[in-house]
2 protein chains.
Amino acid sequence: MSDVELVCSLAKQNSSYIAELNAEDRNKILKIISSALKEKADEILCANKADLAANADKPAHMLDRLALNEKRIDGIAAGLDDLCSLATPVGEVIEEWSVKSGLNIKKVRVPLGVIAIIYEARPNVTVDVIGLVVKSGNAVVLRGSKDAINSNKALVGVIKGALKKNGYNPEFIQLITDTTRESSEELMTCRKYVDVLIPRGSAGLIRTVVEKASVPVIETGTGNCHAYVEKTADLQMAKNIVLNGKLSRPSVCNALENLIVDRAIAKDFLPDMISELEKNGVEVVGCDETVAICPSVKKASDEDFYTEFLGLKISVKIVENCEEAIAHINKYSSSHSETIITRDEKAAKRFSELIDSAAVYVNASTRFTDGFEFGFGAEMGISTQKIHARGPMGLKELTSIKYVINGNGQVR
Amino acid sequence: MSDVELVCSLAKQNSSYIAELNAEDRNKILKIISSALKEKADEILCANKADLAANADKPAHMLDRLALNEKRIDGIAAGLDDLCSLATPVGEVIEEWSVKSGLNIKKVRVPLGVIAIIYEARPNVTVDVIGLVVKSGNAVVLRGSKDAINSNKALVGVIKGALKKNGYNPEFIQLITDTTRESSEELMTCRKYVDVLIPRGSAGLIRTVVEKASVPVIETGTGNCHAYVEKTADLQMAKNIVLNGKLSRPSVCNALENLIVDRAIAKDFLPDMISELEKNGVEVVGCDETVAICPSVKKASDEDFYTEFLGLKISVKIVENCEEAIAHINKYSSSHSETIITRDEKAAKRFSELIDSAAVYVNASTRFTDGFEFGFGAEMGISTQKIHARGPMGLKELTSIKYVINGNGQVR
């Protein structure tokens, strides 16, 4: 048995332990972890320093994601405390009915079993995911990045040590310490033990997982989001929503990447809108008509319309009407989040019905696509696929169901 | 663009047409198809004869599945008529709530989009699946077996012709007529157009799809089902349930393949049970203890316990208690359906909670795992995976969700 297979088999073996714990024990575990992280902050920060030193040549934004400090550890611990107030989804009877044969059928919510996560150099993900699996009754196999391996080892070590010390079996948490590409590919095909694999990271990572995995996958994250300013829009509202979508946090998946504008209002709306974006350092590319209206705009390539810029860049496209806007978005979007700004109820209805994306907004910023903003109290990521989970994944999305059927000797 | 890609792109292109139809039109389409099949029965039977002739050397049970006749066509048509009485799941508002930002969030049920099916030589599946996608608002790509290609072409031809004649766009239905292995493998990786792929057929087919597909897959079918006779069981009830599970239809996935018996009652229960099975032509294999009690039983290999026999064969295993039974089942089962026969409520509860399968029965036959028996009114197959759908898949399991969010200018 290889190391990866061994680690996955240990997770599977201990998955019924975590599945069976009661709600009170789940919260006790979260509190134990939260306290331990704060107590052992020095040990964790020391390991994190080693990771930062080993990656000193990496770009600043990558180092920022990798870095921990006391304040960040307090924030991570507070996240676990917040989870305590949520209801555990495990054991919920979703539906119950009887059928003509006299059988009583219950549809019961159960954990998925073993959730594997492949993620990049963000040590906070290690703890966030452990919190989510504790609450949802799942075992977990963590496969973090080589760049964060010391931090991840320290975090998992502190967490498992604290659980053991307090009389809980910590083996439902497993970390793959081999950070070669081979270990990652082995995890993707470990069908015997892994119930679902969730990649969290760049579009490249997610593509690789989708292509190579034979275990079930939930795709997350890529957000090529659109705002469509329909001809009846409140133009001031449209401007606010576009600026918020592009500027409030350009590196996240629910940030805005594309602006679509009805031809009828393009000359009124675009010059001011684009000048405001440019004042804020945004590079604007657009279709020929946009360039004709605003000569500062560079011509957008077809590739630009497909691209999640994740930075201070936006593409602009002028369309004739709602139908053309919908067709354009359904062609180029990654099906994450789109918004229409309009005062026309029919256009709003049409857009909501025909846009094929996880979250469709009317007169609001795409930046709200988020488990916390949706009121789920937790988030494992944003699913951009259609099966199992779509949009923000909270605790319920980390569960499956089973049917429990009671009879008194029925045969068929 | 290859033929497969073209066919899939046509399905995608026409997926919004079928998604948008109202409930009345969906039922009209079902009625049109039902009538057309009966009217054009001769044409269909003629094509079916060609398939039967081309496969004359195949085993009888395969020919039986391939064969159509007027009665069977009437049955298939009646299935479509039955679908009319079910509610369309499309557009259902599953949940609706408001969040502190003032946004109103609706979780709405939507079609999956393009469902692809790879299936074996059973022409009835062609029509059943078309009925299900019409009702659930999906486009479909059908990839049937070479052995049924004439029947499938005739059925799809009749159906699409009737839709066109009645003013409906039939292009949401697409049949891949290239039945080479290459076409099947191309379909498995057609991520641009296929939202989900459902393999229906042998364990080998399903394994190939799971290993090669990069599109999302819902695994169906393999049923290595167990009955566990606990020491407090009503032994007459146990006997009925075992005979029903093994004999009523041995070739289907919810048939019984394994019998687990508590040591305390093995000597009372097994001789009569096994002799009854043998009288009915069942080959019985078992553990050493079983062989010692019933010398007619052959020794079971470890492989036997993993095997879905799909015929008149059963394996028997004697265990000490409920814990050992649960561990055995969770190790060897394909996680489809298991039953416990018991009068001990605690054992029933423990079995229901700890068995990790789609359907867990107490005092009833595993043969009830079926969309119709569960009252779903329809069935696409039985999912044995944990994500998206588990157990019998009805119309709801052929849908996804989207969030529709209404605001009045909210930014974050």
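These are my notebook entries on how two chains and their parts are arranged in a predicted model.

**Ground rules.** I number residues from 1 along each chain as its sequence is written, and chains are lettered from A, with ligands numbered from 1, in the order in which they are written. Since the model is predicted, local features need pLDDT of at least 70 and side-chain atom pairs count only at pLDDT 80 or more, while totals for chains, interfaces and linings use all residues.

**Entry 1, the two copies.** I looked up how chain B maps onto chain A, and found that a rotation of 180 degrees with 0.0 Å of shift along its axis superposes them, with an RMSD of 0.0 Å (the fit is by least squares on the C-alpha atoms of residues with pLDDT of at least 70 in both copies). The two copies are therefore related as by a two-fold rotation axis. In chain B, the C-alpha nearest that axis belongs to H388(B), at 1.8 Å from it. I also noted that the same surface serves both copies, as 100% of the contact residues of chain B recur in chain A.

**Entry 2, where the chains touch.** I found 56 residues of chain B in contact with 56 residues of chain A, where contact means that the C-beta atoms of two residues, placed from the backbone, lie within 7 Å. Among the elements of chain B that each supply at least two residues to this side are helix 10, helix 11 (235-247) and strand 13 (359-364) (helices, H or I of at least four residues, and strands, E of at least two, are DSSP runs numbered from the N terminus). Strand 16 of chain B gives the most, with 11 residues. By class, I recorded 26 nonpolar, 21 polar and 9 charged residues on the side of chain B that touches chain A, counting Ala, Val, Leu, Ile, Met, Phe, Trp, Tyr, Cys and Pro as nonpolar, Asp, Glu, Lys and Arg as charged, and the others, Gly among them, as polar.

I then followed one strand pair across the two chains: strand 13 of chain A and strand 16 of chain B pair in the parallel sense over 5 bridges (two strands pair if DSSP finds at least two bridges between them). Within this pair, V360(A) stands opposite V404(B).

**Entry 3, a sheet in chain B.** Here I traced 4 strands that form an open sheet in the order 5-4-3-6, with parallel pairing. Strand 5 (173-175) and strand 6 (196-200) are the edge strands, each pairing on one side only. Strand 3 (residues 114-119) of chain B pairs with strand 6 of chain B over 5 bridges, and I118(B) stands opposite P199(B) in strand 6. Helix 10 (residues 203-212) of chain B packs on the sheet, touching strand 3 and strand 6, and its direction makes about 160 degrees with that of strand 6 (axes are lines fitted to C-alpha atoms, for helices over the stretch in contact, and angles run from 0 to 180 degrees between N-to-C directions).

**Entry 4, domains of chain A.** The assignment gives domain 1 (3-220 + 380-406) and domain 2 (225-368), with bounds that come from an automatic or database domain assignment. Their C-alpha centres lie 35 Å apart, and 6 residues of domain 1 are in contact with 7 residues of domain 2. The residues on the domain 1 side divide into 2 nonpolar, 3 polar and 1 charged.
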